[in-house]
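Me: Got a minute? I'd like to go through this structure with you.
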Amino acid sequence: MVWAQGRPDAPLAPQAPSAIAQSAAPQDTSSADATGKKMDKTLKEEGNWYFSWGYSRQQYAPSDIHVSQPSQGNDFTVHQATGSDFPTSVQDTFGSLTNLDFTNPQENIRIGKFMNPEKTFAIEFSLDHSKYNVDLNQTANVTGTINNAPYNGPLVLNARNFDYTLHNGLNHLMVNAVWLRHLYGPEKQAGQLQLISRVGAGILLPHADNTILGNANQVGPKTQNICCFSSNDWWQVNGWTTGVEIGLRYRVYKSIFVELTTKLAYGALRGVPVFQGTADQRIWMSEQILSAGFLF
């Protein structure tokens, strides 16, 4: 028995069980929980998503194009063919916009969501509607079999012999990881300049339009067979792509920005439709993109 000081006949009053439990309960000091709640709140804030639309030019490294047409007796490779993008003029671009034909120029779409409270890291979906055309009237070395006969020599790539284009889009559909770094100006306000970088991978969804040795490929009409896995679809999944991108983002208003970036991408094309056959190609592309977007 413990006695109160100065009063030997008065025992010390015991504490209530609830009070003991309260004093013994551990204090909630978990920084992980606090960070998680902060992140959840941030991800629901206004301005956590962004969208941009822009236009671009592309350059392509020379590449080999392998063509297989078993019924025609053709199995050959065009070596180091040069190719170019679609030479859209400024006048043609503005004409397309006024006619609401937004896919005629080589456009680029980005939509992303920030994944951290600082809004310096995002996950993004991107579409690069690039265009590819083999340069006509060049002379390339060709090896393989043509009309069931061995062939090893030069071939002029003209509109009849080899007119190979991915002109309604060598479309790169990618999922990107995006990083932003503050460079100058007030953060998250008009006047801010940021370094932006992307790395991603995805699929190639081209529309092939070509004539090989006098025979044009036969893809169904766009209005009936749009996408994506049938041999007569307008757009078909024909390979995979990966790329990196770096540039600058400038806020012209708190929720409006412009971007100027350069991109390097690699694509492996498989099963591109040609007349009674397919074509394969590995391609390197560099790209310059000017776009405008907004945060929401």
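Me: Which residues line the largest cavity?
Reply: Phe-114, Lys-119, Leu-180, Gln-194, Arg-249, Arg-251, Phe-257 and Leu-295. Keep in mind that this is a predicted model.
Me: How does that lining divide into nonpolar, polar and charged?
Reply: Four of its residues are nonpolar, one is polar and three are charged.
Me: And how much space lies in there?
Reply: About 50 Å³.
Me: How many cavities of 30 Å³ or more does a search of the whole structure find?
Reply: Two. The second largest has a volume of about 30 Å³.
Me: What lines that second largest one?
Reply: Met-174, Asn-176, Arg-198, Val-199, Gly-243, Val-244, Glu-245 and Lys-263. By class, that lining has three nonpolar, two polar and three charged residues.
Me: Which strands supply at least two residues each?
Reply: Strands S11 (162–184), S12 (193–206) and S17 (239–253). The largest share comes from S17, with three residues.
Me: New topic. Where is Asp-128 found?
Reply: Asp-128 sits in strand S8, which covers residues 121–134.
Me: Buried or exposed?
Reply: Asp-128 is buried, because its relative accessible area is 0% and the cut-off for buried is under 20%.
Me: Which side chain does Asp-128 join in a polar contact?
Reply: The side chain of Asn-108, at 2.9 Å.
Me: What else does Asp-128 touch?
Reply: Leaving out residues up to four places away in sequence, Asp-128 also touches Glu-107, Arg-110, Leu-170, Asn-171, His-172, Lys-263 and Glu-287. Lys-263 also appears in the lining of the second largest cavity.

Conventions: Residues are numbered from 1 along each chain as its sequence is written. This is a predicted model: local features need pLDDT of at least 70, side-chain atom pairs count only at pLDDT 80 or more; totals for chains, interfaces and linings use all residues. Side-chain values use heavy atoms; hydrogens and water are left out. Helices (H or I, at least four residues) and strands (E, at least two) are DSSP runs, numbered from the N terminus. Buried means under 20% relative accessible area, exposed over 50%, partly exposed in between (1.4 Å probe, protein chains only). A polar contact is a pair of N or O atoms within 3.5 Å; within protein, one must be able to donate a hydrogen and the other to accept it, and residues adjacent in sequence count only if both atoms are side-chain atoms. Contact means heavy atoms within 4.5 Å. On a 1 Å grid over the protein atoms alone, a cavity is a set of points where a 1.4 Å probe fits but cannot get out, and a pocket is an open set with protein on both sides within 12 Å along at least five of seven lines; lining residues have an atom within 4 Å of a point. Grid points are joined across faces, edges and corners, and a volume is the space filled by probe spheres set on the points. Ala, Val, Leu, Ile, Met, Phe, Trp, Tyr, Cys and Pro count as nonpolar, Asp, Glu, Lys and Arg as charged, and the others, Gly among them, as polar.
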